[in-house]
Each structure stands twice: as C-alpha cells, then as structure tokens.
Protein chains: 4
Amino acid sequence: MANLPCLRGVFTPNIVPLDSRGDIDEPELRRYTSWLIDRGVHGLYPNGSTGEFTRFTPEERRRIVAIMADEAGGRVPILAGAAEANVRETLSACEYYAELGVRAVAIVAPFYYKLSSPAVYAYFKEIGDRTPIDVTLYNIPMFASPIDVPNVRRLAEECPRIVGIKDSSGDLPHMMRMIAAVRPIRPDFSFLTGWDAALMPMLLVGCDGGTHATSGVVPEITRKLYDLTIAGQLDEARELQFKLLRLFDAMIYSADFPEGFRAALTLRGFRPGLSRQPLAAEQKIDLELIRDQLACLLAEEGLADAPGAGCPPLGGVDPGQINRIVRSVVAEIRRQGSSVN
Amino acid sequence: MANLPCLRGVFTPNIVPLDSRGDIDEPELRRYTSWLIDRGVHGLYPNGSTGEFTRFTPEERRRIVAIMADEAGGRVPILAGAAEANVRETLSACEYYAELGVRAVAIVAPFYYKLSSPAVYAYFKEIGDRTPIDVTLYNIPMFASPIDVPNVRRLAEECPRIVGIKDSSGDLPHMMRMIAAVRPIRPDFSFLTGWDAALMPMLLVGCDGGTHATSGVVPEITRKLYDLTIAGQLDEARELQFKLLRLFDAMIYSADFPEGFRAALTLRGFRPGLSRQPLAAEQKIDLELIRDQLACLLAEEGLADAPGAGCPPLGGVDPGQINRIVRSVVAEIRRQGSSVN
Amino acid sequence: MANLPCLRGVFTPNIVPLDSRGDIDEPELRRYTSWLIDRGVHGLYPNGSTGEFTRFTPEERRRIVAIMADEAGGRVPILAGAAEANVRETLSACEYYAELGVRAVAIVAPFYYKLSSPAVYAYFKEIGDRTPIDVTLYNIPMFASPIDVPNVRRLAEECPRIVGIKDSSGDLPHMMRMIAAVRPIRPDFSFLTGWDAALMPMLLVGCDGGTHATSGVVPEITRKLYDLTIAGQLDEARELQFKLLRLFDAMIYSADFPEGFRAALTLRGFRPGLSRQPLAAEQKIDLELIRDQLACLLAEEGLADAPGAGCPPLGGVDPGQINRIVRSVVAEIRRQGSSVN
Amino acid sequence: MANLPCLRGVFTPNIVPLDSRGDIDEPELRRYTSWLIDRGVHGLYPNGSTGEFTRFTPEERRRIVAIMADEAGGRVPILAGAAEANVRETLSACEYYAELGVRAVAIVAPFYYKLSSPAVYAYFKEIGDRTPIDVTLYNIPMFASPIDVPNVRRLAEECPRIVGIKDSSGDLPHMMRMIAAVRPIRPDFSFLTGWDAALMPMLLVGCDGGTHATSGVVPEITRKLYDLTIAGQLDEARELQFKLLRLFDAMIYSADFPEGFRAALTLRGFRPGLSRQPLAAEQKIDLELIRDQLACLLAEEGLADAPGAGCPPLGGVDPGQINRIVRSVVAEIRRQGSSVN
C-alpha cells in the first residue's frame with residue numbers, strides 16, 4: 001500500500017535447511033533466520049529461486065513462510081514468494097501470507113511455457129487487481145517468461161498494489177529503462193536487483209536495493225557493500241564489490257544452482273542438508289572441491305577456517321594451466337583407450 | 001516392464017476442458033476422451049504440456065488421469081504425465097497412477113532451473129530405480145532441461161523400467177542419434193516424437209510413434225498419416241504431412257501455447273472453456289481471427305464448417321502484403337500521433 | 001535461367017588445399033576436383049562455408065573457382081559462392097563467374113550484422129534483379145542472418161534468376177514450409193539441404209539434393225545415399241544415413257569447423273595443408289586423436305586404413321566413462337594443486 | 001608499447017559518408033573528422049562496427065584510415081580497426097596503419113565461424129606476437145566469437161603489444177571479471193566499453209573509457225558524461241546517463257544497425273549518404289519516422305531543430321497504446337481480407 005514504506009535495502013533469499021529425511025528442518029531454519037537478522041540484512045525473502053520454491057509442495061511453501069515470519073517476529077520485513085500453479089492458487093497463497101503479516105509478496109513471471117508479452121501482462125494484471133497484499137513483480141528471464149519494460153510501466157500505472165520489481169537479469173541498462181519508465185508515475189515503486197555481481201553500480205543508477213543470494217552466506221559483506229555505496233564511499237565500495245563478485249561467481253557458477261550456496265552455508269556453521277534434487281556421483285566430488293575453494297575465499301574475509309590442505313596463493317591456480325594438464329591427460333587416456341581395445 | 005508391449009503409435013496429449021468456474025469439466029472430459037478413442041488414437045497422454053499440467057494442483061492432476069482412465073476403460077493405453085515438485089512427490093504420483101492401471105508414466109525433465117547433464121541423470125536415475133510403473137523420459141528442451149544422448153543411453157542401460165523417450169525437440173538427427181545409441185542395447189525401448197510437423201520423416205528414420213497435439217483436434221488426420229507412413233504409401237503420406245504441417249503451424253504459432261489448440265477444439269464441437277492463464281484483450285481479439293483461420297483449414301478437410309464470412313482462396317492472404325499494409329498504417333498513425341501532440 | 005536444368009543432386013563444398021606457405025595449392029586442388037568428379041558427385045560448390053570463403057581475399061576466391069572450373073571442364077556443374085563485401089562487389093564477382101561458365105552462384109545471407117527480415121529481402125532483391133547469372137540463396141542461420149519463408153517466397157516470385165535455396169539449418173519442417181510456399185509458384189525452384197545428417201528424410205519430403213561437406217570426404221557414401229533414397233530403397237538408405245550421421249557428427253562436432261573435415265581429407269590421400277586460422281597447441285593434440293577416430297570410422301567403410309594403434313570395438317569407448325575418469329583426475333589435480341601451493 | 005600512454009577516454013566509431021555513387025565521400029569524411037575533434041572526443045575509431053568495416057573492400061578500409069589520420073593530423077589518437085580475411089592480411093594492414101602513425105589497431109574476434117576458446121586464443125596470439133603496432137582486442141559477442149576472460153588474461157600476460165580490450169557486450173560483471181584478472185599483471189592494460197548505455201557505471205567500476213557510437217552523433221553529451229563521471233559529479237552524471245540511454249536506444253533499436261546513427265547524423269548537418277546495404281521500402285518509411293523521433297530527442301538537448309510537425313510531450317506516445325490501435329487495425333484488415341476473398 002502507498003502508506004507502507006518502500007521496499008529498500010538487502011533482502012535475503014534463503015536456502016531452506018532440510019533434515020535427514022528431506023523434510024523442512026524447522027529448528028535450523030529458525031536459527032538461520034535469526035542469524036541473518038542479527039547480521040544486518042534488511043529483510044527476508046523466502047520461496048525465491050535460491051529457496052528452491054518449485055521443489056516444495058504448496059503446503060510446504062506456506063509452512064516455510066510461517067516459520068520464518070514467526071521467528072522474525074517483526075524485526076525485519078518479509079517478502080514472500082507466492083507463485084502457485086495458477087492465479088486462483090496464487091491469490092489464495094497471497095491471502096495466507098497477508099494474514100501472517102508479511103510486508104509483501106513476490107510473484108515470479110509464469111514459467112515452463114514461454115508466454116508472450118500480453119499474456120504476462122494479463123497474468124499480473126489479474127493478480128494485481130485482486131491481491132489482498134502488496135506485490136512485487138519478479139523478473140528472471142533465464143528461468144521464466146520475461147517481464148518487459150512496457151508491461152512494468154503499465155502494471156505500475158494500473159495496479160497500486162504492485163509496488164516494485166525484483167529483476168534478476170543483471171542487465172544494468174534494462175534496470176535504467178525500467179526506472180526511467182516508471183519512477184515519474186510511481187515514485188513509491190521499488191527497484192530491486194537480484195544480481196549480486198552488480199549491486200554497487202545498480203545502486204548508483206538508482207536501484208533501491210536487492211535480493212541477494214550472497215547475503216544468505218556472507219550477510220556482513222553484502223550489507224556493508226550496500227551501506228558503503230549508499231554513503232558514497234565509492235573506493236571502498238568498489239573494492240568490496242570486486243570481492244563479492246568473486247564470492248558470487250564461485251557460488252553461482254561452480255555447481256547446479258543453488259548447490260554452491262548450500263555448500264557455502266555449511267562453512268558458516270549451518271546444516272542445510274541435501275537438496276531434494278538428487279546429485280550424481282561426479283557432482284558430489286565437485287562439491288567437495290568447491291567447498292574447499294569457498295572455504296579459502298571465506299577465510300580471506302575472516303568468515304571461515306581455511307581447509308586443512310591449505311589454500312592456493314592469492315590469484316589462485318591458473319585455470320588455463322589446469323585445462324592444459326587435463327587435455328593432455330585426456331589425450332593420453334584416449335590414446336590408451338584406443339590401443340587397449 | 002519388458003513383458004508389456006512397446007509403446008507405439010499416436011498418443012494424444014489432451015486439453016483439459018474447464019467449466020465456467022475454471023474447474024475440471026468432468027462430463028466434457030469424458031465425452032472428449034471417448035471421442036478421441038472412437039477416432040482411432042492409439043493412446044492417451046494426459047498431463048502433458050498441451051494438458052497444461054503446471055496449471056493444475058497435484059490433486060487435480062491425479063483426478064484428470066483417474067477420470068480419463070475410467071472413461072477409457074482399457075480401450076487404449078494411457079501414458080500419464082507424472083512430474084511433481086520433487087522425486088518423492090513424483091514417485092507418490094507414480095504409485096497412484098500404477099494403481100489406476102495406466103500403461104506408463106511420462107516424466108518431463110526438471111524445469112525452471114536449468115540443470116546440468118549429471119543432475120538430469122541423477123534425477124531420472126533415482127526415479128527409474130524406484131518407480132513402480134514403466135517410465136518414459138520426456139525431453140522438451142524449449143521448456144525444460146535437455147536430456148542428452150549419453151544420459152538417455154545410460155538410463156536405458158541401467159533402468160529396465162525406463163522404457164522409452166518422448167522427444168519434442170523436432171530435431172531429426174537428434175532422434176537418430178538416440179536411436180543409434182540405445183536400440184542396440186534396448187530393442188524394446190520406444191522412441192516417440194512430440195513434433196507433429198515431422199511425424200512422417202521421424203517414422204521413416206525409425207521412430208515408434210509420437211504424442212501429437214494435432215491428434216487432439218484432428219485425430220483422423222494424424223492417425224491416417226501414421227498408417228500411410230507405416231504402410232509405405234509415401235506419396236499419400238507426404239501430401240498429408242504437408243497438410244498436417246499447415247494445421248500444426250496454425251495452431252502452435254498463432255497464439256500462446258496451447259491456446260491455438262483450445263480454439264481449434266471448439267470447432268470440433270467441444271467446450272474447452274477458458275484457460276487458467278488469463279488472456280489480455282488483444283489476445284482475445286487475435287483468438288477470434290485464429291479461430292476463423294482454423295475453421296477454414298478444418299473446412300478444407302471436411303472437419304468443420306467454414307466461418308460465416310467465408311475463407312480466402314487456397315494459399316491464403318500473403319502475409320507480406322498484410323505486413324506492408326500494416327506498416328504504412330502504423331506510419332500514418334505515428335505521423336498523426338506526433339502532429340496531434 | 002528457366003531454360004537451364006534444375007539444380008539437383010549432391011554438390012560438394014570443397015576444402016581448399018593450401019601449400020606450406022599458406023597459398024592455394026593449385027595442383028592439389030586440381031587433383032582433388034577430379035577425384036571428386038570421378039567418385040560421382042553431381043556438382044561442385046567452391047567458396048562455401050567448408051571452403052572457408054571468408055579466409056581468402058576477393059582475388060583468391062575468384063582464382064579458386066577459375067581453377068576448379070578449368071579442371072572440371074564441364075564434366076559437372078559448378079555452384080560458386082559469390083558473396084563479397086557489398087552488392088556492387090558481389091555483382092562484379094557474379095559477372096566474373098558467369099564468364100567462367102559456372103552453372104549458378106550461391107549468395108550467403110548478410111553476416112556479421114544481424115539483419116532484419118526486410119533488410120535481407122532488400123539485399124537479395126537488388127542482387128536478384130541485377131545478376132547476370134542464376135542465383136541460389138544460401139541460408140545458414142547459425143552463421144548469417146536468417147532468410148525467412150516469406151522472403152524466400154517473395155524473392156522466388158519476383159526474381160526469375162533466383163533459382164533455388166541452399167538451407168543449412170537442418171530444420172526439416174522449415175524445409176517443408178519453404179517447399180509448400182514456393183513450389184506452387186515456381187516449380188523449377190531448387191531446394192538443397194546443407195545438413196548431411198538429414199539427407200534421406202530431406203529428400204523424402206521433397207528436397208532436390210544438397211551441398212554436403214561429407215561428400216568432400218566420402219563422396220562414395222553421400223552419393224550412394226542419394227541414389228538409394230531416390231530409388232525408394234528405404235531400408236538400405238536408412239542404414240546408410242545412420243552411417244553418414246556418425247561420420248558427419250565425428251567431423252563436424254569434434255573440432256572447430258571445418259578442421260574435422262580437413263583432418264579426414266588427409267585420410268583419403270590428400271594434403272589439405274594447415275588452416276589459415278591458427279591452431280592452439282591443445283587443438284593440435286585434439287586433432288591427432290580425431291584423426292585416429294576418423295580413420296577407424298573410414299576403415300569400417302573400407303575407405304581408409306585403421307590407425308596403427310588399432311580401433312575400439314564397434315560402439316566405441318563410452319564417453320560417459322571417459323568423463324568420469326577425467327573428472328576424478330581433475331579432482332586429484334586440483335586437490336594436489338591446493339595442497340602444494 | 002609500454003612507453004605510450006594508455007588508451008583512455010571516449011573514442012568515436014565513425015560512420016563513413018558515401019557519395020551518390022556509393023563511394024567514400026572524402027570531403028565529408030574530413031569535415032566530419034574535424035567536427036568530432038572540435039567537439040572534444042578523445043580519439044577516433046575508424047573501421048569499427050559502426051563504420052561498417054565489413055561492407056568496404058580491403059583497399060577502402062585502408063583509405064578511410066589514411067584520410068582520417070591525415071585530417072586529424074595528430075590532434076587526437078586513432079584506434080584503427082584492422083581485421084582482414086586472415087592473419088597474414090591482418091598483419092599487412094597493421095603495418096600499413098603503423099606507417100600512418102595511428103596509435104593502435106583494434107582487432108575484432110574472428111566472425112562468421114563461431115570459434116572455440118583455444119582457436120580465439122591462437123588467432124590473437126599469432127597477431128599479438130607479430131604485430132608492428134599496439135593492438136586492442138575487440139570483443140563483440142553478438143556479432144563475433146566471444147573472447148573469454150582466461151583468454152584476455154593469457155594474451156595480456158604473453159603479448160606486451162596487446163594493450164587493451166574493447167568490450168561491446170554491455171555486461172558489467174564481465175568487465176569487472178576482466179579487470180580483476182588482468183589489471184594486477186598489466187596495470188597499463190586499457191579497458192574500453194563499447195556499450196554507451198552503461199558508460200557511467202562502467203567507468204565507476206574501473207573502465208578507462210570507451211568507443212561510443214553516440215559520440216559520433218552527440219559528442220558533446222558523451223564527452224560530458226565521461227567528464228562528469230570522472231570528476232565524481234555523480235548526480236549530474238546519472239542524469240546525463242539516462243539521457244544518453246534514451247538517445248542510444250532510439251538510435252540502436254529503431255532500425256538495422258547502424259541506420260539509426262546514420263539518420264541521426266543528418267540531423268547534425270552531415271550527408272552520410274545511403275548505406276551500401278540496400279533498404280527495403282518499409283525500412284525507408286520507418287527511417288523517416290525515426291528521424292522525426294530523433295530530431296525531437298536532439299531538439300530537447302538543443303542539438304537539432306524539432307521536426308516541422310512538432311514533437312509529442314515529454315514521455316512520448318505510449319507504445320502500448322499504439323500497439324493496441326495497430327492490433328485492432330490488423331484485425332479489421334484481416335477480417336475484410338477473409339470476407340473479400
């Protein structure tokens with residue numbers, strides 16, 4: 001609602017800890033929730049992509065938000081992912097979340113089917129007209145139908161309960177186009193970026209904050225980057241943005257999303273458990289290596305112990321060198337493979 | 001199971017008729033099911049992409065299959081889409097469908113997240129090892145994580161209950177690569193194409209059949225194309241394939257999928273109702289035009305009445321000409337727009 | 001010209017042999033040209049993508065065609081790639097090729113810039129209206145701006161000297177759409193596929209032939225596949241198509257195009273020399289392995305000697321197995337890498 | 001060379017004016033060159049993508065640089081696009097440009113063929129080792145093979161004469177990854193962005209400048225944006241960046257590149273002539289409209305006269321509204337089309 005304060009700052013899209021049977025680990029989720037709040041995140045964002053919302057049942061999604069809202073106890077606002085199978089189910093989830101007292105819901109654009117621009121508009125228009133709670137649009141074109149700038153503008157114009165957009169494209173000019181199109185007609189509209197790698201420049205062109213998966217692992221850093229940028233301490237901010245980029249890249253590109261974030265979370269003392277998406281043997285081996293690399297990165301920031309085997313010197317192993325070694329090994333294996341057979 | 005006959009022929013991925021409140025219209029779904037069987041489709045494929053499985057709740061997905069299985073009464077085999085939020089939920093759905101006596105289930109590759117090849121393997125491996133019912137892999141790379149050829153081969157080798165693949169990529173050499181990789185080790189494995197536009201050539205390179213959305217609208221034609229091709233009557237088959245291509249293109253490219261198929265279904269005397277995905281005003285206008293075009297195409301085949309306004313001569317309006325007219329109109333509008341303001 | 005016979009059959013897009021200084025090796029090019037003709041290809045296609053036309057100067061492109069036309073001496077028709085920097089230069093090349101007596105030229109769609117559909121039309125329209133020689137359009141959307149179906153139809157309708165299209169998309173329904181749109185108004189128009197992996201099914205839906213890079217290496221097989229398909233011996237054709245697919249995949253996906261074809265050519269007794277595109281050390285190692293694999297495939301067909309080290313049994317090494325070995329090696333290297341540093 | 005100053009600031013990729021016969025209009029090119037220098041651009045960048053280098057002959061490309069170097073007379077440094085058909089031709093062009101006294105050359109990654117990462121490395125390595133003049137890499141992944149971060153690092157490490165990269169991806173985190181990988185080992189290496197839409201944030205994360213097509217049309221604005229950002233006047237810079245974004249979008253997305261820039265250039269009093277890429281009738285109509293829109297945008301900045309018909313109020317016509325009007329017009333046309341025929 002126009003009367004509520006704008007969405008602003010760093011919202012954390014959290015991993016959901018699971019127990020050994022694959023069920024929601026409520027005590028660990030509560031402990032994690034409070035830990036995040038204690039480390040200064042401005043808000044919480046359950047049922048996001050990092051939160052693997054598609055891998056839970058509708059009942060579980062509700063329960064995750066209920067637990068976190070209860071644990072947060074109003075200390076920080078909650079932005080709850082509320083997308084369900086269709087508009088009716090989504091609106092029913094919105095009602096439930098409204099009763100829990102969350103600040104707003106985030107609705108991802110329709111996925112699986114790639115919808116046309118008018119269809120994306122129609123979907124959000126129906127939700128925006130009937131929602132009992134403030135809504136943020138969630139644009140993540142690598143996973144879901146894109147929400148284009150004219151649609152954002154039209155929805156902002158027609159639906160007062162649509163109060164912001166979370167954009168995970170990482171495309172800076174696109175963010176500027178949205179701001180240019182919407183801010184003149186809706187000064188209260190929030191622009192949140194979901195791409196940690198560009199948080200500082202996004203803030204500098206006018207973003208209000210973001211939902212950042214790194215803040216679920218290193219809330220101290222993401223929050224500090226936000227504060228430094230807002231304070232105009234650009235040299236310090238730039239340095240920290242480069243550090244966060246390194247952490248972000250290590251977590252997001254090393255493994256199937258969000259396994260890198262889950263692996264990093266264990267280094268901060270949590271037990272996220274195993275994903276519901278099964279892992280192949282080679283993925284498990286990879287994740288051990290990734291955990292060591294992440295431990296080294298976190299150790300540099302004083303946020304974790306270095307792995308027992310130690311860390312490579314700063315700058316790390318040259319990936320090109322590794323590739324060259326691997327190629328010759330592969331060549332040798334293939335050569336032997338042919339001759340043996 | 002190895003003892004059951006291979007999956008072969010034309011399976012129909014059906015639209016689910018909805019009533020005025022947006023609920024499953026059971027009588028219409030039953031009438032439609034029997035109509036399809038009467039017109040010769042070899043099997044039914046509920047909860048496919050055409051069936052908008054993502055827009056129903058888990059309970060509704062079960063109910064759709066239950067209704068259709070009951071109505072079919074064993075007249076044709078059923079391949080039921082069984083993908084749920086995670087492996088546990090999917091296996092639970094498999095058990096339910098097994099009890100209903102369906103022939104097999106189809107499991108779409110994980111979607112929303114784009115998974116790596118090992119992750120896709122791990123997902124199907126866990127299902128393939130624990131399923132109580134035969135499983136077909138469902139590859140639809142435009143909507144879900146791709147299932148690559150090495151994964152198909154490895155799963156076919158390791159999981160006897162994985163008995164086939166439904167591939168909707170429409171990529172003919174890709175189909176050949178799968179056949180070349182799998183058939184030598186699993187002669188019982190079924191290769192089904194989901195791309196109606198290439199049914200004849202797909203059969204000629206070794207496919208066993210397909211799941212074809214056109215067969216939900218013009219079952220007479222899709223079935224006849226299958227029969228002619230299998231019988232080696234290639235000249236007749238080719239001619240029919242070109243006709244089916246025209247129908248397929250008109251239904252699949254004219255509107256957000258599967259609205260073109262829903263519109264066409266009304267022309268065959270069914271009441272599919274409105275989609276759960278809301279339609280924008282411009283989409284509704286478009287759909288009226290599309291319905292007229294489809295009526296003309298179906299009328300040519302003697303399967304529907306021509307629209308009241310009549311049909312364009314064969315070959316139709318030149319789309320280039322329309323585009324040129326539109327461009328000059330747009331130009332004029334823009335010109336007036338500038339001068340008026 | 002309408003009076004000339006249609007383009008039909010297998011046209012060979014040839015590699016250009018280079019000598020040790022990187023210049024055109026005229027004697028080897030002549031020997032190769034005659035070898036191809038002797039092995040039954042229906043025509044020659046210099047300056048295609050396989051012929052690396054972009055890596056030669058305008059003068060060299062002319063010289064390549066002049067040498068081959070002279071060597072062919074009218075034994076088979078020549079389709080000469082004639083795209084130059086702009087329309088004026090392209091028309092000048094067309095005049096030159098016309099004087100050489102080649103059958104027609106092939107003009108690739110504009111590349112580097114991705115042009116809109118009207119721009120692609122305008123480009124070919126200007127050439128089509130002013131060319132002194134028959135022109136075939138060359139659609140290769142993975143490298144150049146796509147030529148869409150309405151443009152093909154409009155150009156076929158308006159430009160009598162545009163006599164065909166060579167399409168390397170490998171998209172079978174797309175080929176059918178072009179045939180459906182153009183054949184009724186231009187029965188003389190030729191449809192050639194550039195995607196060897198689908199030659200048989202392409203011919204079965206109505207293609208007239210193709211330009212096939214495999215025919216530059218195994219002309220015996222590509223020609224025989226064409227003959228068997230045209231003769232309706234589908235079982236034999238299918239078997240051969242699967243063999244050709246294996247060869248095609250090995251040559252096209254193993255290395256940067258067209259290095260796989262160049263490597264294979266050495267196995268047929270030619271000295272293609274080194275590419276003008278420099279090779280990295282790892283590429284050179286890879287190419288040795290690829291040559292061995294290709295030698296094994298060609299040996300199976302009696303077209304080359306098996307490599308000294310022998311060949312793996314049919315079906316070959318499981319790539320999954322190799323990947324698993326490599327992964328553990330990489331893991332080990334990384335592990336040592338971390339601890340050593 | 002290490003002794004020369006770093007490349008820094010705004011380099012202008014210029015359109016090449018053509019006369020009525022389509023030949024290089026030398027007087028206009030000279031006038032344009034001096035006009036740009038007078039308006040404060042830091043350098044000139046002939047034979048870039050905006051300069052349509054692929055549409056000129058090798059001789060013409062040399063002549064363009066010769067004319068501009070002569071006209072510039074050392075007032076500003078020149079970065080000359082030097083990519084030719086292959087390494088030998090490229091090196092020969094480099095020698096020519098070195099003799100002309102240009103500051104450095106820019107070499108676009110290999111295009112047409114999509115090369116692998118090792119092949120891209122090998123290409124630049126050979127050039128970097130043998131060039132007689134400083135080289136900047138030119139990464140433009142939408143048109144040419146991408147130059148990845150490990151390749152940039154390796155080339156920077158091994159080739160002292162490679163002194164910078166011009167990156168037109170517009171991907172801000174990618175730019176940061178390059179800076180993080182290269183600056184520690186090559187503090188003299190220049191990072192130039194080719195994406196005007198993000199100039200300010202690119203500078204704020206550490207870029208040295210850019211090659212900006214907008215600076216060929218509104219050099220005053222692009223230069224001022226650079227100065228304000230460097231001076232840390234971020235509020236003014238942000239405001240100007242939003243204006244430049246609007247101009248950039250209008251020029252780059254309105255027509256086939258670089259027609260929007262050519263149209264805008266006429267508004268600054270130049271006669272760029274017609275492109276060598278022919279225009280379809282509908283493109284010509286579109287360009288008239290675009291010219292009016294651009295005139296309005298330039299008039300706002302006091303850089304051109306408003307069109308005779310006047311300009312829409314700020315914010316402009318709602319494109320959604322236009323779309324809705326057009327849709328109903330199209331619908332009506334189609335309806336009449338069907339009934340008439």
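In this predicted model, R30(A) is partly exposed, with a relative accessible area of 21%. The cut-off for burial is under 20%, so R30(A) does not count as buried. E26(A) is also partly exposed, at 27% relative accessibility. The side chains of these two residues meet in a salt bridge, with 3.0 Å from N to O. Both residues belong to helix α1 of chain A, which covers residues 26-38. They are four residues apart, or about one turn of the helix.

A second pair of this kind occurs in chain D. E259(D) and R262(D) form a salt bridge, and their closest N and O atoms are 3.0 Å apart. Helix α10 of chain D, residues 259-267, holds both partners. Here the spacing is three residues, again about one turn of the helix. E259(D) is buried, and R262(D) is buried too. In chain A, salt bridges with shared partners build a network. Its members are E26(A), R30(A), R63(A), D70(A) and E71(A). The pair R30(A) and E26(A) described above thus belongs to this one network.

Another salt bridge in chain D joins R8(D) to D208(D), with 3.3 Å between the closest N and O atoms. This pair links distant parts of the chain, 200 residues apart. R8(D) sits in the segment before β1 (9-12) of chain D. D208(D) sits in the loop between α7 (199-204) and β8 (209-211) of chain D. The two partners fall into separate accessibility classes. R8(D) has a relative accessible area of 46% and is partly exposed, because exposed would require over 50%. D208(D) has 10% and is buried, because this value is under 20%. Over all chains, the structure holds 128 salt bridges.

The arrangement of chains A and B was examined next. Two copies of a chain are related by a rotation about an axis and a shift along it. For chain A and chain B, the rotation is 180° and the shift along the axis is 0.0 Å. The superposition gives an RMSD of 0.0 Å. This is the relation of a two-fold axis. Y112(A) comes closest to the rotation axis among the residues of chain A, with its C-alpha at 3.2 Å.

Contacts between the two chains involve 45 residues of chain A and 46 residues of chain B. Of the interface residues of chain A, 100% are also interface residues in chain B, so the copies meet through the same surface. The size of an interface is often given as the accessible area lost when the parts come together. Chain A and chain B bury about 3500 Å² between them. Carbon and sulfur atoms account for 55% of this area. In chain A, the residues that lose the most area to chain B are Y112(A), Y113(A) and F143(A). Together they make up 23% of what that side buries. Y112(A) is also the residue of chain A closest to the rotation axis.

Polar and charged groups also meet across this interface. Four salt bridges are found between chain A and chain B. D23(B) forms a salt bridge with R88(A), the closest N and O atoms being 2.8 Å apart. In addition, 16 residue pairs are in polar contact between the two chains. Helices α3 (87-100), α4 (117-130) and α11 (281-300) of chain A each supply at least two residues of the side that touches chain B. The largest share, six residues, comes from α4(A). By class, this side of chain A has 23 nonpolar, nine polar and 13 charged residues.

Terms used
Residues are numbered from 1 along each chain as its sequence is written. Chains are lettered from A and ligands numbered from 1 in the order in which they are written. This is a predicted model: local features need pLDDT of at least 70, side-chain atom pairs count only at pLDDT 80 or more; totals for chains, interfaces and linings use all residues. Side-chain values use heavy atoms; hydrogens and water are left out. Buried means under 20% relative accessible area, exposed over 50%, partly exposed in between (1.4 Å probe, protein chains only). Copies are superposed by least squares on the C-alpha atoms of residues with pLDDT of at least 70 in both. Contact means heavy atoms within 4.5 Å. Buried area is the accessible area (1.4 Å probe) that two parts lose on being put together, summed over both. A polar contact is a pair of N or O atoms within 3.5 Å; within protein, one must be able to donate a hydrogen and the other to accept it, and residues adjacent in sequence count only if both atoms are side-chain atoms. Ala, Val, Leu, Ile, Met, Phe, Trp, Tyr, Cys and Pro count as nonpolar, Asp, Glu, Lys and Arg as charged, and the others, Gly among them, as polar.
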